[in-house]
Amino acid sequence: MSGFEKYNDRLTKYGIGMVRLALLVAVTTFGSKSTLNATFLTFPTRYLTQMYIGVLGAAVNTSRLGFNTHIALLILAGCTMLYDMWTFDLTLGFYLLKTTIGDFLAGKVDSTEWKLVASAVAASVVAGCVWGIYSPVASGLISSEYARIVLVLSTIQFVCEYGDNHLEHLKFFRHRYSYEIFTALVVFALPLFGMLWTDAERRVIEFDMIICLWYRVGNFACLQIFKSAHYTSLKKAE
């Protein structure tokens, strides 16, 4: 692919991808077991946090704002996540954990910003383990409510990121059809085989979808906003 072809391919990836994922989110919220409607009606500010995390991920990956700005925005994201976990539940923390595990195993923790995030997550895991040792309540909460879903979603994250990193010639991975298909299987197919999700587990799945949706929206917006600058850099490179 030429530079312009890659650019247009990314526009298609995120443009169609965000519509495709929005449809999956909509279908998921119609389920009687969905936690999204209750979360939105009761705590709408949680959606603002999810939106911020998704768009920030896109901004960092496009590398247009500069390292210092990225770090400042990531620190703010960390603070909003800590507030959310302290006020509501641990959903966002385990979302970040599964994402970091999958990205790390797939070799996608490849920038200074994400290496710092991964280090912070690792430090938090160590702190959580120490907390669990001295607090039976914390240990039971973490092991019983989140271990299974973190394992499942980390596996999906790894497969999708590995495919994007090493099998990008396949549109299934490059355009992230893999994410929607595997997530749909988790939501709709696995329960048919007896793997019923608790409300806490469904919340991690659904928050993951919302953040991923905003990540795609953010990437599409960045590609449009920086379109002229991107084309200029491509012309220089070719």
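These are legends for a set of close-up views of a predicted model.

**View 1. The whole chain, an all-helix affair.** Count the elements and you get 12 helices and zero strands. Read from the N terminus on, the order is simply α-α-α-α-α-α-α-α-α-α-α-α. Of the 238 residues in the protein, 43% are buried. Take the contacts with a separation of 6 or more, and 77% of them come from residues 24 or more positions apart.

**View 2. Helix α8 alongside helix α11.** Here we look at α8 (residues 147-166) packing on α11 (residues 199-225), with the axes 9 Å apart and an angle of about 30°. An angle under 35 degrees counts as roughly parallel, so that is the label for α8 and α11. The crossing of α8 past α11 is right-handed. On the α8 side, the contact is made by Arg148, Ile149 and Leu153; on the α11 side, Glu201, Val204 and Ile205 do the job. Sort the residues of this contact by class and you find four nonpolar, two charged and no polar.

**View 3. Helix α5 across helix α11.** How are α5 and α11 oriented to each other? Their axes sit 9 Å apart and the packing angle is about 70°, which makes α5 roughly perpendicular to α11. As α5 passes α11, the crossing is right-handed. From α5, the residues to pick out are Thr91, Leu92, Tyr95 and Lys98. From α11, they are Arg203, Val204, Phe207, Asp208 and Ile211. The contact of α5 with α11 splits into five nonpolar, three charged and one polar. Val204 is worth selecting in this view and the previous one: it is part of the α11 side of the contact with α5 and of the contact with α8.

**View 4. Helix α4 meets helix α5.** This pair has its axes 7 Å apart, with α4 (residues 67-87) and α5 (residues 91-105) packing at an angle of about 130°. The two helices are therefore oblique to each other. Zoom in and you'll see Met81, Asp84 and Met85 in α4 meeting Leu92, Gly93 and Leu96 in α5. The class tally for this contact is four nonpolar, one polar and one charged. Leu92 shows up again here: it meets α4, and it also takes part in the contact of α5 with α11.

**View 5. Glutamine 50, tucked out of sight.** Find glutamine 50 in helix α3 (residues 45-62). Is this side chain's residue buried or exposed? Glutamine 50 counts as buried, at 0% relative accessibility. Setting aside neighbours within four places in sequence, glutamine 50 is in contact with Phe207, Ile210, Ile211 and Trp214. Phe207 and Ile211 are also among the α11 residues that contact α5.

**View 6. Lysine 13 and the company it keeps.** Lysine 13 lies in helix α1 (residues 3-29). With 9% relative accessibility, lysine 13 counts as buried. What does lysine 13 touch, leaving out residues up to four places away in sequence? The list is Asp164, Arg174, His175 and Arg176. One of these, arginine 176, is found in the loop between α9 (171-174) and α10 (177-189). The backbone is worth a look at arginine 176, where phi is near 60°, a positive value in a residue other than glycine. Arginine 176 also counts as buried, at 16% relative accessibility.

**View 7. Threonine 28 reaches a sequence-distant partner.** Threonine 28 is another residue in helix α1. Its relative accessible area is 2%, so threonine 28 is buried. How far apart in space are threonine 28 and valine 187? C-alpha to C-alpha, threonine 28 and valine 187 are 7.8 Å apart, although 159 residues separate them in sequence.

**View 8. Cysteines without a bridge.** A disulfide is a covalent bond between the sulfur atoms of two cysteines. How many disulfides does the structure hold? The answer is zero. Take cysteine 212: the closest cysteine sulfur is in cysteine 160, 8.6 Å away, which is too far for a bond. To count, the pair of sulfur atoms would have to be within 2.5 Å. Cysteine 212 is buried, with a relative accessible area of 16%. Cysteine 222 is buried too, and for that residue the relative accessible area is 13%.

Notes
Residues are numbered from 1 along each chain as its sequence is written. This is a predicted model: local features need pLDDT of at least 70, side-chain atom pairs count only at pLDDT 80 or more; totals for chains, interfaces and linings use all residues. Side-chain values use heavy atoms; hydrogens and water are left out. Axes are lines fitted to C-alpha atoms, for helices over the stretch in contact, and angles run from 0 to 180 degrees between N-to-C directions. Helices (H or I, at least four residues) and strands (E, at least two) are DSSP runs, numbered from the N terminus. Angles under 35 degrees count as roughly parallel, over 145 as roughly antiparallel, 65 to 115 as roughly perpendicular and the rest as oblique. A crossing is left-handed if the near helix is turned anticlockwise from the far one by less than a right angle, and right-handed if clockwise. Contact means heavy atoms within 4.5 Å. Ala, Val, Leu, Ile, Met, Phe, Trp, Tyr, Cys and Pro count as nonpolar, Asp, Glu, Lys and Arg as charged, and the others, Gly among them, as polar. Buried means under 20% relative accessible area, exposed over 50%, partly exposed in between (1.4 Å probe, protein chains only).
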